Amino acid sequence: MASNGIRDRVAIVGMGCTPFGEHWDKSVSDLLVESSQAALNSANVPIDMVDAYWLGTLFSGQSGLTLSRPLKLNYKPVSRLENYCATGSEAFRNACYAVACGAYDVAMAIGVEKLKDSGISGLPSIGAPEDGTRAGLTAPATFSLLAPAYCKKFGVDEGAFKEAMTRIAWKNHKNGALNPRAQFRKEVAKDVIACSPQVAGALGIFDCSGVSDGSAAAVIVRAEDAYKYTDKPLFVKALSFIAGPATGPIDPDYDYTTFPEVVASATDAYAQAGIKDPRAELAMAEVHDCFTPTELVLMEDLGFAQRGTGWKEVLNGTFDLEGELAVNPDGGLKSFGHPIGASGLRMLFEAWLQLRGEAGKRQIASVARGRNLALTHNLGGAPGECVSFVSVVGSARS
Amino acid sequence: MNGIVAYGSYLPYFRLDRKSIGDALAGGGGKGSRTVASYDEDTTSMGVEAARAALRGAPRPAPAAIYFATADPAYLDKTNATAIHAALSLDDSAMAFDMVGSIRSGAGVMRAAIDAGRPTLAVISDIRTGLPGGGDERDGGDAAVAFLLAAGDAQAPVLAEHIASASASAEFLERWRIPGDPASRQWEERFGEHAYVPLADAAITSALKQAGVNAGDLAALIVAGPHGRANKRAQAAVGAKPEAVADDLTGAVGNTGAAHAGLLLADALDRAKAGDLIAVVSLADGCDVTIWRATAALAAHRQKVPVAKQAAAGGKVSYATFLTWRGFLKREPPRRPDPQAPAAPPAFRSEAWKFGFTGSRCQACGTRSLPPARVCMKCHAVDKMTPERMADVPATIATYTVDRLAYSLSPPVVVGVLDFEGGGRFTCELTDVDPKAVKIGDRVELTFRRPMTAHGVHNYFWKARPIQGA
């Protein structure tokens, strides 16, 4: 009984990502055509060479036909997956395993979401018929529970915590402003963020990620074949996915200052990748900043900051683009946007650009100094009841 | 004959200042305030609260039947008393019947419970309003009341003995409403007075004669009915001592329709001394009179929070919000998904949880689970659970949030993470609460509510509110 991982057994040899945002003129099919074509072109792989597909989408289509129909695939296997906000990462994980086990030579992981067609704020509701006893909290409300709990546990002034939340939004907008694919491409002043209309608890509008449309894709091959396709592949070092028992909301021992699922998936991923000190070894991390307190807590759960100090590290700029460990250099969910099924692959796309030295104005300096590992992290659900995904990819095969 | 062995009343938290009606409509209004059922209440949920107040505390005989009366039923065709039955976690063998639609049904369930020959819970609940600016809106009130009637024993003694009852029935068009109409209609006021007064004379005379007492012997005289002038005439005609005439609570509560005679009786029982004779006169499509005598057991078994204290508590609601809640002011909804109606089979399967707030306790390690679970979250024992009703267990707010995005008729939605006394955690909406006043560590109690109605289905479940009468 062990989580053995597939370190250095598969590699990403091509990626594509559409701009995220309000694509009033593009359908789900259009977005899938664009991201898959971009990934295939980047890998120099004709579509008939792809043996199998894993499609991640939460709301925007069911079954493999959602992909095979627009791409006119020639009778290929297409799995459609959903795992809340980790959907795109889950498509990637399963495609990697299929290649690692030898079932296929070339696989594509592709994620898509079209949220803006629903006409409502936030996410559409889904779900099986219920008995009507679940508290109807919105997503921002569930994540807003982190703020007062954290302040109480660590004796942090609520004003200082709000300042740290604001700085996370400010940083991610600043990074997104440098990203031509981001939904929100402009810097936002801290006082505008801090005074934005209240949504839930201490969260204002600017503490929430963008609701958007978009798609991203990756082409995956066996590691030994990687250099046939590109001279700068990314090797998969670790893949960890955890579904918690969802007991936080019913367990008096849960204190709303951590995501135990994230701690478990990070521990597993670091063991697979052989990482001892993530803050010193990683060049960058793309983390699930669905709401600003989430990113703050993740800094501690992922081992980037000591318990109770994440807020200070945020305020000190540790996770800025030029900081010790760049977090969400592409703008994150906050400013790049969050088309659910695409987000996990979008994070990998930033790792792809950064570790290959192709991130332009937002290129992280530590890559040139030899840091060659990147982490991506997704979570789906709510504090105390979520799924968490952590991957580590690197530009060198050890 | 059954006597009263327990009673409880429920006044909703909100109060509408009558002056605010006049301010908004440039005229009308009046003095005092009326009670207002919140957006998440209906006559069924308020009936549950009154029944819980009646059954709380000392040992009571388990009701073998519930008779539920209201002029404003939440459902037609479907029985409403079954929801009350489920919320009280009564045994399946207990009967649950509605007697709904008319104001007189309140007097009907009391009389039926007296004659029932088995422990019977009479629950009466009403929500009263009328068209904006009218007298029914101004003078109405919302309330529920419950009486447990039984033969009485040493454990649950009779608090008020039934001494006599008399009725007079007649068919006349005084106040009426077609089902679905938002307001009642009423004939010219003087006609009702003409029709009611002789009926009241006949029934009161008969009841006093049966009881073998004189009007002057009455310690309390209660006259309730939808027709204010007829009530006053009937009351004066009885000839009771002036001090026996009870305050009719119209100043602070309003006329609570079907529930009003019962509410005034509960108020009288809150104060009555042993041996006091209480006459309850209900004038609705006739006249129903009951005479009760308080026993020596009453003083030790009154309801926990008296009617007067409930009437004096509460918080204000604006006239615009009141109109919104009653459906007279249609407001712009947020751009959010439509609320989903509960589905019948899942609700059926989880009746004990949804209506009775019954969780489970692991026999292996003692951990409480809300909702009930088959696998223990702590020790992972499988199918080692026993059911445990948690509806009456107080809780503390572990943390909370104010959700300004969630759809509600009364935004913002306040949600609390509750830790229950003796173990167990559940996250649910807080109600009857000022979002600015909520604090971690506040003590709360559960209250049965109707959080929403979607696609013609009422969703009933529990919320938490600051502990009342604390």
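## A walk through chains A and B

Start by selecting chain B: of its 470 residues, 52% count as buried. Keep in mind as you look around that this is a predicted model.

Stay on chain B and switch to a cartoon view. You'll find 12 helices and 22 strands there. Turn the C-alpha trace about its principal axes, and the spans come to about 70 × 60 × 40 Å. The radius of gyration of chain B is 22 Å, which agrees with the value near 23 Å that a compact globule of 470 residues would have. Now show contacts within chain B, taking pairs of residues at least 6 apart in sequence: 71% of these contacts join residues at least 24 apart.

Next, bring up chain A as well and go to where the two chains touch. Chain B puts 34 residues into this contact and chain A puts in 33. On the chain B side, select helices H11 (344-349) and H12 (351-354), then strands S18 (395-403), S19 (413-420), S20 (425-430) and S22 (457-466); each supplies at least two residues. Which element gives the most to this side of chain B? It's S20(B), with 5 residues. Colour this side of chain B by class and you get 18 nonpolar, 8 polar and 8 charged residues.

Last stop: chain A. Select helix H3 (residues 87-100) and helix H14 (residues 340-355), which pack at an angle of about 60 degrees with their axes 5 Å apart. Zoom in on A:Thr87, A:Gly88, A:Ser89 and A:Phe92 of H3(A); they meet residues of H14(A) including A:Ile340, A:Gly344 and A:Leu348. In this helix contact, 5 residues are nonpolar, 6 are polar and none is charged.

Technical notes
Residues numbered from 1 in each chain as written. Chains lettered and ligands numbered in written order. Predicted model: local features only at pLDDT ≥ 70, side-chain atom pairs only at ≥ 80, totals over all residues. Contact = placed C-beta atoms within 7 Å. Helix = DSSP H or I, 4+ residues; strand = E, 2+ residues; numbered from the N terminus. Nonpolar A, V, L, I, M, F, W, Y, C, P; charged D, E, K, R; others polar. Rg over C-alpha atoms; globule rule 2.2 N^0.38 Å. Buried ≥ 20, exposed ≤ 12 C-beta atoms within 10 Å, placed from the backbone. Axes fitted to C-alpha atoms, helices over the stretch in contact; angles between N-to-C directions.
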